[in-house]
Amino acid sequence: MAALYSDELQRLLDDLLPVCSFVRRPRPSDPWFDKECRDAKRVTRRLERASAAAHRRAAAASPDVAATAAAQAAAAKAAWFDQRRNYRKLRHQKSSSFWQAKVEINRTNPRRLWSTVDTMLGRGHAPASSAVDVDTFRRFFADKVAKVRLCTENASPPTFSRVRDGVSLDAFKALNIADVMNAIGRLPDKSSDADPVPTSVLKQTADLLAPYIVDLFNRSLATGHFPAVYKQAFITPVIKKPGLDAADASSYRPISNLPVLSKLLERIAASQLMDYLSAADLLPPLQSGFRAGHSTETAVLRVLSDILEAVDRGDVAALVLLDLSAAFDTVDHDILLQRLQLSFGIDGAAHRWFRSYLTDRSQFVRRGLLKSAVSRLLFGVPQGSVLGPILFVLYTADLIALIEDGGLLPHLYADDTQVYGSCLPTDVIAFSARLTDCVDAVTSWMKSNHHQLPTNALSVDGV
């Protein structure tokens, strides 16, 4: 059914809008540059041409009309300068008003706010360098995961916390047309090249397509089968942060591009999963990533507040920051599925669906028309997916209890782990030993779960 959806829409598009070639010369403009700006620009250019023509006429004028021609040229130049000054003021006004409105609208949405700031400062994602070919990217991403697996293969078996009796999610709820229509309406407008139609067209035709999509999704959720055509992604390498060497494959992270219908199904499953976890009080309380009301701000405020309170009491405080290497890409599927079942009570058709979602996935790297060979994914959750971050949160949730058992305070954000605590100035030696033991325990847990802390991943700050 999933394949039929894509094939039939593609056939309809080919009949109605046959592919044709044309020359396109894109002229990028600022997002605030509207019709009023374009009209003002045209007037400015017209007066500039009129001024130039008037000066040419003045230069060629006979002596008896030279004074008149010179006066006309001066007037034309003054009109041009006045219009150019007004045009520049209009541009400044439009730019300021646009970005102020953007910041105000996104004030309560940190993710969009930082995206707006990055766009305003010109820090958007740069395309992958052509100095690195697509197969080099594919091999690097695969080798990075293989190295982590090799370093952790002799670790002790993982341990699992146990969900309390009577708490379980055995099956997803059946959907109706209203559920799918609402989910389609909430989709972001961005589209993927993997989609048969743009998201905007899907929204416009949602009333026609929703009955079929409801049947497709209900069959998937009820049978525990994630459609195979949604399991192949093409990878867009995205540079990790500005300033890194764009010609080095290690400067990039792999972002999966998936069909919008695949993400829609994930959104619906994720919504039901989060409702269950919230109702059963199973979400880790000190994890601030990928959850409503749990952002970078909440993480910073919690950790900073605890440390400042300790300092105000006259205690010595220490904060250990831990980062993981290829955290999302090294998630072990078998361990994750066991943890979903044992620690979070996900069983039955729901558990089969997550198993189907994780297994038999593949990906290839694409840049323009160039494609790498296809790689089969034996580990990891897709970066760029909807469920991937949520599953990662559940995969690492046991770290919180582990750190608390060591007598320290934890806070997690995505793949970053903060371990911190405080003590009296007279207890620094014992506190330092306790902190070291806790970090060792965290490192051991990471290895048992096939995660690796790179050599530069540990940072210690003391106050």
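Is Ser 256 buried or exposed? In this predicted model, Ser 256 has a relative accessibility of 6% and therefore counts as buried. The residue belongs to strand β2, which spans residues 252-257. When residues up to four places away in sequence are set aside, Ser 256 touches Ala 233, Phe 234 and Ile 235, together with Gln 363, Pro 382, Gln 383 and Gly 384. Ala 350, by contrast, is 94 residues from Ser 256 along the chain, and the C-alpha atoms of these two residues are 24 Å apart.

Phe 234, one of the residues in contact with Ser 256, also takes part in an arrangement of a charge and a ring. The charged end of Arg 366 is placed over the ring of Phe 234, at 4.2 Å from the ring centre. In another arrangement of this kind, Arg 361 lies over the face of Tyr 357, with a distance of 4.7 Å to the ring centre.

Aromatic residues were next examined for pairing with one another. A pair of aromatic rings is described by the distance between the centres and the angle between the planes. The structure contains 15 aromatic pairs. One of these is formed by Phe 226 and Tyr 230, whose ring centres are 6.0 Å apart and whose planes meet at 65°. The pair is edge-to-face, because an angle over 60 degrees falls in that class. Phe 226 and Tyr 230 are both buried. Both residues also belong to a cluster linked by ring pairs, which further includes Phe 172, Trp 353, Phe 354 and Tyr 357. Tyr 357 is thus a member of this cluster and also the residue whose ring face lies under Arg 361.

Nonpolar side chains tend to be buried together in soluble globular proteins. The largest nonpolar core of the model comprises 80 residues, and the members that touch the most others are Ile 213, Trp 353 and Phe 354. Helix α9, covering residues 260-279, makes the greatest contribution to this core, with 11 residues. Beyond its neighbours within four places in sequence, Ile 213 is in contact with Tyr 5, Val 180, Ile 184, Leu 202, Leu 261 and Leu 264. Another core, of 10 residues, lies apart from the largest one, and its members include Ala 128, Val 132, Ile 239 and Ala 249. Trp 353 and Phe 354, named above for their contacts in the largest core, are also part of the aromatic cluster.

The second largest pocket has a volume of about 480 Å³. Its lining consists of 26 residues, and those nearest the centre of the pocket are Ser 161, Ser 343, Ala 397, Asp 398 and Ala 401. Helices α14 (398-405) and α15 (428-448) each provide at least two residues of this lining. The largest share, five residues, is supplied by α14.

Backbone geometry was considered last. Most residues other than glycine have a negative phi. Ala 414 has a positive phi of about 55° although it is not a glycine. This residue is located in the loop between β7 (409-413) and β8 (416-423). Ala 414 counts as buried because its relative accessibility is 12%, which is under the limit of 20%. A positive phi, near 60°, is also found for His 450, likewise a residue other than glycine. His 450 is situated in the loop between α15 and β9 (458-462). With a relative accessibility of 13%, His 450 is likewise classed as buried.

Terms used. Residues are numbered from 1 along each chain as its sequence is written. This is a predicted model: local features need pLDDT of at least 70, side-chain atom pairs count only at pLDDT 80 or more; totals for chains, interfaces and linings use all residues. Side-chain values use heavy atoms; hydrogens and water are left out. Rings of Phe, Tyr and Trp (its six-membered ring) pair if their centres lie within 6.5 Å; planes under 30 degrees apart count as stacked, over 60 as edge-to-face and the rest as tilted. Buried means under 20% relative accessible area, exposed over 50%, partly exposed in between (1.4 Å probe, protein chains only). A charge sits over a ring if NZ of Lys or CZ of Arg is within 6 Å of the ring centre and within 35 degrees of the ring normal. A nonpolar core is a set of buried Ala, Val, Leu, Ile, Met, Phe, Trp, Tyr and Cys residues joined through side-chain atoms within 4.5 Å. Helices (H or I, at least four residues) and strands (E, at least two) are DSSP runs, numbered from the N terminus. Contact means heavy atoms within 4.5 Å. On a 1 Å grid over the protein atoms alone, a cavity is a set of points where a 1.4 Å probe fits but cannot get out, and a pocket is an open set with protein on both sides within 12 Å along at least five of seven lines; lining residues have an atom within 4 Å of a point. Grid points are joined across faces, edges and corners, and a volume is the space filled by probe spheres set on the points.
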